[in-house]
Every structure is written in structure tokens, then in C-alpha cells.
Amino acid sequence: MRSSFSSFKPFLPDYPLRNAAGIFLLTTLFYFVGAELRLVESLSLFWPLNGVMAGVFARYAFLNRLRYYAVSYVAMLLYDAMTTTWGFASVVINLSNMVFIVTVALLVTRDKRLKRKTPHPINALRIFNYCLIAALLCALVGALGSVGIDSHTFWPLYADWFSEQFSTGLLIVPCMLTATLPRMDQAVRGDHFLPVVALIVSVMASVVIGGAGSLAFPLPALIWCAVRYSLPATCLLTFITGGVEIILVANSIINIAVEAPLSTPMMFSARLGIATMAICPVMVSVSVAAINSLIRQVSLRADYDFLTRVYSRSGLYEALRHEDSLRQARTLTVMLLDIDYFKSINDSYGHECGDRMLAAFAGKIQAEVGNAGLVARMGGEEFAVVTPTLNARQARELAERLRRAIELYPFTWRQQTLFLTVSIGISHTRSEFSHLTEVFNKLMAEADDYLYRSKKAGRNRISAPETNEESVRQSSQSSPTV
């Protein structure tokens with residue numbers, strides 16, 4: 001059973017008070033988390049609040065209202081008022097947080113309005129650019145507001161704000177936009193965890209070896225994760241890896257400067273390097289997801305008839321190769337159906353009407369057959385039904401049910417009611433068979449012969465081997481009523 005994050009709705013358009021309370025609680029929670037992660041020598045080491053809230057506002061477009069942004073801003077100010085003595089500086093610093101949140105949220109929701117989704121509500125290159133723009137603007141406001149808090153001058157503060165916002169934004173925003181709950185579609189094997197094991201080993205190697213280049217050690221493992229895992233899982237693993245590396249570098253556990261203690265310029269470089277690394281597996285995962293989506297679409301178009309949504313001729317053969325229930329059937333039955341006088345529909349009402357009738361006809365046949373057999377459009381107005389049956393009598397009963405269902409079904413076209421009839425030829429075999437496609441080809445040829453007999457005998461009837469030259473059932477009408 002598939003369960004996604006989207007099935008749980010923490011925010012709903014018609015519940016403004018609930019939405020406001022949720023935004024207030026989330027802002028307070030992640031403000032607290034960010035405050036706990038602060039280092040003495042810098043304003044903040046790892047600040048998750050902005051990325052989380054930007055992702056929330058971007059994911060739920062109806063939250064992009066001034067009142068909801070105001071709730072988040074007020075929550076920040078209240079937290080600072082209770083925990084710091086920054087005074088007016090808090091107004092400016094938290095305004096910088098809102099600059100990042102609003103910028104990313106508005107740019108992503110703009111993409112949604114323009115239907116730029118490849119293949120999820122995230123495009124890696126655009127997210128990279130949006131976080132870059134938001135970080136530059138946020139750093140400008142944040143550095144100005146921070147000058148009076150410590151002894152740093154504007155440019156070191158600007159570099160620290162920009163690198164921190166840019167790196168954490170790239171790590172968190174993709175996670176927020178693609179987050180889903182885990183699903184178990186298939187059995188988990190031990191080798192499924194090999195990319196994660198390689199990722200852990202690569203981070204450990206970064207600690208042991210050290211040096212600036214060690215920050216890139218996890219990149220091959222992350223790309224392996226991008227190929228093996230889904231986009232949400234890749235984003236989450238990238239976020240965890242990047243966050244761990246930032247913390248390890250800041251605490252000199254990964255030593256990128258052997259002869260000198262960590263300084264702000266080194267932290268600036270480390271953060272930018274990690275941010276650049278972080279976008280690579282996300283881009284690979286997006287590309288893999290897009291390729292898989294394209295393959296599924298191409299396969300769908302090849303296997304199914306675009307107009308009628310039933311199997312195409314080639315799709316039917318492909319299905320026969322994998323349909324075990326047909327191999328185990330006592331009797332395999334093939335029916336060939338041809339809509340009577342269909343050319344008159346096109347001539348009288350136009351090809352658009354004809355297309356609608358074909359789609360409706362196929363839908364009715366598929367509904368009657370259900371999961372018991374396969375339905376395919378063989379070309380034009382000719383369809384095939386392949387189904388397991390107990391005996392010849394059951395095959396004839398099914399064919400009669402199909403013929404009767406079509407005869408009585410009112411097809412509508414521009415406020416007109418039209419009726420169709422169908423001629424059916426049946427063929428079946430009781431012999432054992434392993435090569436299903438070969439048996440199908442033989443039965444198709446026989447069904448085609450009996451279809452010809454039905455049409456020659458007046459149409460709207462069924463012909464089968466047991467009836468020799470005559471139809472099993474004749475309708476009271478020999479031609480369709482239009």
C-alpha cells in the first residue's frame with residue numbers, strides 16, 4: 001500500500017486558524033532547533049528554519065498570503081524577545097529570514113503556476129538559482145542587522161550569512177518539496193542498503209583523511225544513491241550528509257586546515273563547496289526520474305491504444321508473454337469483434353463522432369470483460385478479447401453477453417442517442433500450450449473466419465466452431481439503428 005506525505009494535509013485552504021497555528025508552531029520549533037545549533041563564534045552554524053518554512057510556503061501555495069507570512073515573522077520576534085536582548089536588531093535579523101522564505105516560496109510557486117514540474121515540484125537548477133538569489137538578499141539584510149551584535153564587520157558577516165543560507169537552503173528546500181513517507185512496494189534486500197553503507201564509509205574517510213578535498217568524498221556515494229533510490233530519498237540523504245559535514249567541519253572533526261584553526265573565510269569556502277556538492281545528486285536523481293517517467297510514457301503509448309485506452313495489437317502480444325493466468329486456463333478463447341456498419345457512422349456524423357463511439361465501445365467491452373480477460377484494438381473498428389474459459393459453452397455465453405450489452409447500450413453524441421451492433425467470431429482450444437502467442441495467432445485466424453461468417457449471415461450475431469456455418473444467436477435486427 002502506498003502512503004504519501006501528500007495524503008496527510010497539515011494545512012488546508014478552508015482552515016485559516018489551523019494554518020496560522022501550524023505556521024506559528026513550526027516557526028517556533030525550528031527557531032529553537034537553530035538556536036541550539038548556534039556556535040559562539042558565528043551568528044548561526046546551521047539554520048534550518050528558513051529552508052523549512054520556504055519549503056512549506058512553496059509546497060502549499062494557498063499559504064502565500066501576507067497574514068501567514070506575518071504569523072511566521074511574529075513567531076520569530078516573540079522567540080527572540082524571550083531568549084535574547086537584541087532589541088531592534090531582532091526586527092532586522094528576522095526580516096532577513098523572511099526575505100529568504102518569501103523569495104524562495106514565491107519563485108517556486110511561480111514555477112508551479114507555469115507548470116514547470118520536472119518531474120516533481122522541484123527542478124534542481126531552478127532551486128539552485130532561487131536559493132542563490134534568496135541567500136544574496138537575505139545576507140544583505142542580515143549582515144546589516146548583525147553589525148551591532150558582535151565585533152565582526154559587514155563583509156565577513158555578509159559572507160557568513162550568505163554561505164550559511166545558501167548551503168542550508170539547498171539541503172533543506174528540495175527535501176521539503178519532495179517529502180514522502182516511506183513505502184514498501186517490494187521486499188528489501190541487503191544490497192539495497194549498499195549505497196547508504198558507501199555513504200557512511202565516505203564520510204568516515206573524510207574525517208580520517210581530512211583536507212579540503214575530503215568534503216567531496218561522499219559525492220560518488222550520493223550519486224549512487226540518486227541512481228538507486230527515489231528523488232525524495234536522495235534529497236533526504238543529501239541533506240543529512242551535507243548537514244553532518246557542516247557540523248564536522250565547524251567542530252574541526254573534519255580538519256580542512258591542518259596548520260590553522262577554522263576561520264570565517266574557510267567556513268565560507270566549506271559551505272559553498274558542500275552546497276555545490278549537494279546539488280549534484282539531486283540533479284542526477286531528477287534526471288533519472290525524468291528518464292524513468294519518459295520510459296513509462298513510451299511503454300504506455302506502445303502497449304495501449306491512445307484513443308480507446310485498451311491494449312494495442314503490439315501491447316496485446318506483450319501482455320500474452322506475461323499473462324500466467326491464461327497459460328493455466330483449461331480453455332483459451334479468442335473473440336474477434338467488428339462494429340457493424342461503422343463507416344456509416346463516420347460518413348453521417350463525422351470522424352469525431354466515430355472516435356467517441358470507438359472509445360465508448362471499447363470501454364463498454366472492457367467493463368463487461370473486467371479482469372477476466374484482455375481487450376485490444378486490432379485496428380479500425382475491430383477488437384479482440386482473449387479470455388480463459390471453462391468450456392465452449394461459457395465462451396459463447398460471454399460473447400452473447402457482449403453482443404447484447406452493445407446492442408442495448410445508448411451511445412450519446414451531441415444530444416442524440418445512437419445504437420450500435422457488433423458481429424463476433426469465436427475460436428478456442430482445449431489443448432495444452434506453452435507458447436501463448438503462437439496459439440493466439442492460430443486462434444485469431446480461426447476467429448477471423450467465423451467473424452466473416454457472422455457478417456455474411458447478416459451481422460449482429462455470433463459464429464463459433466460448434467455452430468459450423470450458422471450463428472449461435474441472431475438478433476431481431478440485421479442492421480444497426482442510427
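Where is I23 found? Select helix 1, residues 16–36, and you have the right place: I23 is found there. Before you zoom in, keep in mind that you're looking at a predicted model.

**The whole chain**

Start zoomed out, with everything showing. The chain holds 16 helices and eight strands. It has 482 residues, and 45% of them count as buried. Switch on a surface if you like: about 23,800 Å² is exposed, with carbon and sulfur atoms supplying 60% of it. Now think about contacts between residues at least 6 apart in sequence: 71% of these join residues at least 24 apart.

**Stop one: I23**

Back to helix 1, then, and click on I23. Is I23 buried or exposed? Its relative accessible area is 0%, below the 20% cut-off, so I23 is buried. To see what surrounds this residue, skip the neighbours within four places in sequence and select F11, M53, F57, L63, Y68, V71 and S72, which are in contact with I23. Try a distance label between I23 and F11 too: they sit 12 residues apart in sequence, and their C-alpha atoms are 9.0 Å apart.

**Stop two: Y31**

Stay on helix 1 and pick Y31, which is found there as well. Y31 has a relative accessible area of 1%, so this residue is buried. Add M76 to the selection: 45 residues separate Y31 from M76 along the chain, yet the C-alpha atoms are 7.1 Å apart.

**Stop three: helix 1 against helix 3**

Next, show helix 3, residues 66–83, together with helix 1. Two packed helices are described by the angle between their axes and the distance between the axes. For this pair, the axes come within 9 Å and cross at roughly 40 degrees, which makes helix 1 oblique to helix 3. The crossing is right-handed. Turn on side chains for the contact: helix 1 brings P16, N19, A20, I23, F24, T27, T28, Y31, F32 and A35, while helix 3 brings Y68, V71, S72, A75, M76, L78, Y79 and D80. You'll spot both of our earlier stops, I23 and Y31, in that list. Colour by class and the contact divides into 13 nonpolar residues, four polar and one charged.

**Stop four: helix 4 against helix 6**

Hide those and bring up helix 4 (residues 88–113) with helix 6 (residues 154–178). How do their axes cross, and within what distance do they come? The angle is roughly 45 degrees and the axes come within 12 Å, so helix 4 is oblique to helix 6. The crossing of this pair is right-handed. On the helix 4 side, select I93, S96, N97, F100, V104 and V108; they meet W161, Q165, G169, V173 and L177 of helix 6. By class, the contact has seven nonpolar residues, four polar and no charged ones.

**Last stop: helix 7 against helix 9**

Finish with helix 7, residues 194–209, and helix 9, residues 231–250. Their axes cross at roughly 15 degrees and come within 11 Å. Helix 7 and helix 9 are therefore roughly parallel to each other. The crossing is right-handed. For the contact, light up V196, L199, V203, S206 and V207 on helix 7, then L237, T241, V244, E245 and L248 on helix 9. Those residues divide into seven nonpolar, two polar and one charged.

Terms used
Residues numbered from 1 in each chain as written. Predicted model: local features only at pLDDT ≥ 70, side-chain atom pairs only at ≥ 80, totals over all residues. Heavy atoms only, no water. Axes fitted to C-alpha atoms, helices over the stretch in contact; angles between N-to-C directions. Helix = DSSP H or I, 4+ residues; strand = E, 2+ residues; numbered from the N terminus. Parallel < 35°, antiparallel > 145°, perpendicular 65-115°, else oblique. Left-handed = near helix turned anticlockwise from the far one by under 90°. Contact = heavy atoms within 4.5 Å. Nonpolar A, V, L, I, M, F, W, Y, C, P; charged D, E, K, R; others polar. Buried < 20%, exposed > 50% of the residue type's maximum accessible area, 1.4 Å probe, protein only. Areas by Shrake-Rupley, 256 points an atom, 1.4 Å probe, with all protein chains shown as cover.
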